[in-house]
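Let's take a walk through this protein together, moving from its interior to its surface. Have the sequence and the model open beside you as you read.

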Amino acid sequence: MDNRFTNQLQDFFNTPEEKRDYDKGALMLLQITGNKIMYRNISFNAKKHAKFINYELRKHFNVRLQNITHEEVEQMQAQVNVIVAEHLSLTEDNPASEFKKGKRTDHDTLPDEIQALYVENLSITQRMRDVQTQLRLLSVEGKTCPDNDRYPYLKELISLDKKLHENWEKYDHFIGTAGSGAIALSVDIREESKKYTRLVNLNKGKYKKSPTEELKIQIADWFGKIVNPTEKLTAELKELGIIS
């Protein structure tokens, strides 16, 4: 669909009726229908046929808006499908169990505003599950769900997911400094920490299959450079005997 032409139609209808360029309106109608006879009949005195031009263009404009809305909703649905697959599996009985694995070991020592991000994310996660349930109820088998019914739920889920990630980013990457409270880690430190986490995850399996003292030392060194490693990763390395 030509969105530029749709925008031209939008501009036409955004203009008060008495100020609309009906010669241009007649030409747009010709572009849409290809009906040259109709165009000749109305273009001689387009303003006289204003009611007809408004009516016909509005019909085509509404169809275009519906098509655009459908495309947007389908794109949003695809985005939500990814969000649901990654964060909102309905096979889990306790919504909080996976969530709690993200809690920092030093959580209780963090400033109140940082701890509040974790608490807020638990509420956000629950709300996301509620919204997902509403979407599932709308999409029962054999029932067509109109785009305008799905749209607000999809929009809210995407917005909640964005807020969830923003909160985790702030929560995960704050550290305490003597006398100054909590500060945000620099981008460089965060990226370095992610790099060492990837290295540990890539090599712990190799060590399990073929343990060597050299690799053990290297993995332990990488692990020591990770900011706030997860409890799961820490436990795995302890089980392998890489750290104590």
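A good place to begin is Leu154, which, once neighbours within four places in sequence are set aside, is in contact with Val73, Met76, Gln77, Val80 and Leu135. Keep in mind that you are looking at a predicted model. Leu154 is also one of the residues with the most contacts inside the largest nonpolar core, a group of 21 residues; Val80, Ile114, Met128, Leu157 and Tyr171 share that distinction. Which helices each supply at least two residues of this core? They include α4 (50-87), α6 (112-138) and α7. Apart from this core lies another one, with 15 residues, among them Phe5, Tyr22, Leu29 and Ile42. As a general point, nonpolar side chains in soluble globular proteins tend to be buried together.

Now step back to see the whole chain. Ten helices and two strands make up its secondary structure, and along the sequence they run α-α-α-α-α-α-α-β-β-α-α-α. Of the 244 residues, 32% are buried. If you take contacts between residues at least 6 apart in sequence, 63% of them join residues at least 24 apart. The chain exposes about 15,800 Å², and carbon and sulfur atoms supply 51% of that area.

Helix α4 deserves a second visit. Asn54 lies in this helix, and is Asn54 buried or exposed? With a relative accessible area of 11%, Asn54 is buried. Beyond its neighbours within four places in sequence, Asn54 is in contact with Phe12, Phe13, Glu17, Arg20 and Tyr22. Tyr22, you may recall, is among the residues of the 15-residue core.

Staying in α4, look at Glu56 and Lys59, which form a salt bridge with their closest N and O atoms 3.4 Å apart. The two are three residues apart in the helix, so about one helical turn separates them. Their surroundings are worth comparing: Glu56 is buried, at 15% relative accessible area, while Lys59 is partly exposed, at 39%.

This pair belongs to a set of five salt bridges in the structure. Another joins Glu156 to Arg127, with the closest N and O atoms 2.8 Å apart. Glu156 sits in α7 and Arg127 in α6, so this bridge ties together parts that are 29 residues apart in sequence. Glu156 is partly exposed at 26% relative accessibility, and Arg127 is partly exposed at 35%. A further salt bridge brings together the side chains of Lys225 and Asp221, at 3.4 Å from N to O. Here Lys225 is partly exposed at 40%, as is Asp221 at 36%.

Follow α7 (residues 147-172) along to Asp172. Asp172 is partly exposed, with a relative accessible area of 29%. Not counting residues up to four places away in sequence, Asp172 touches Gly102, Arg104 and Asn228. Lys103 is 69 residues from Asp172 in sequence, yet their C-alpha atoms are 8.8 Å apart in space.

Our last stop is helix α10 (residues 231-240), where Leu233, Thr234 and Leu237 are buried. Why do these three lie on the same side of α10? They cover an arc of only 100° around the axis, and therefore share that side. Turn to the face directed away from the buried side, and you will find the exposed residues Lys232 and Glu239. After α10 comes Gly241, with a positive phi near 80°.

Notes: Residues numbered from 1 in each chain as written. Predicted model: local features only at pLDDT ≥ 70, side-chain atom pairs only at ≥ 80, totals over all residues. Heavy atoms only, no water. Helix = DSSP H or I, 4+ residues; strand = E, 2+ residues; numbered from the N terminus. Buried < 20%, exposed > 50% of the residue type's maximum accessible area, 1.4 Å probe, protein only. Contact = heavy atoms within 4.5 Å. Areas by Shrake-Rupley, 256 points an atom, 1.4 Å probe, with all protein chains shown as cover. Core = buried A, V, L, I, M, F, W, Y, C linked by side-chain atoms within 4.5 Å. Arc of directions from axis to C-beta. Salt bridge = Lys/Arg side-chain N within 4 Å of Asp/Glu carboxyl O.
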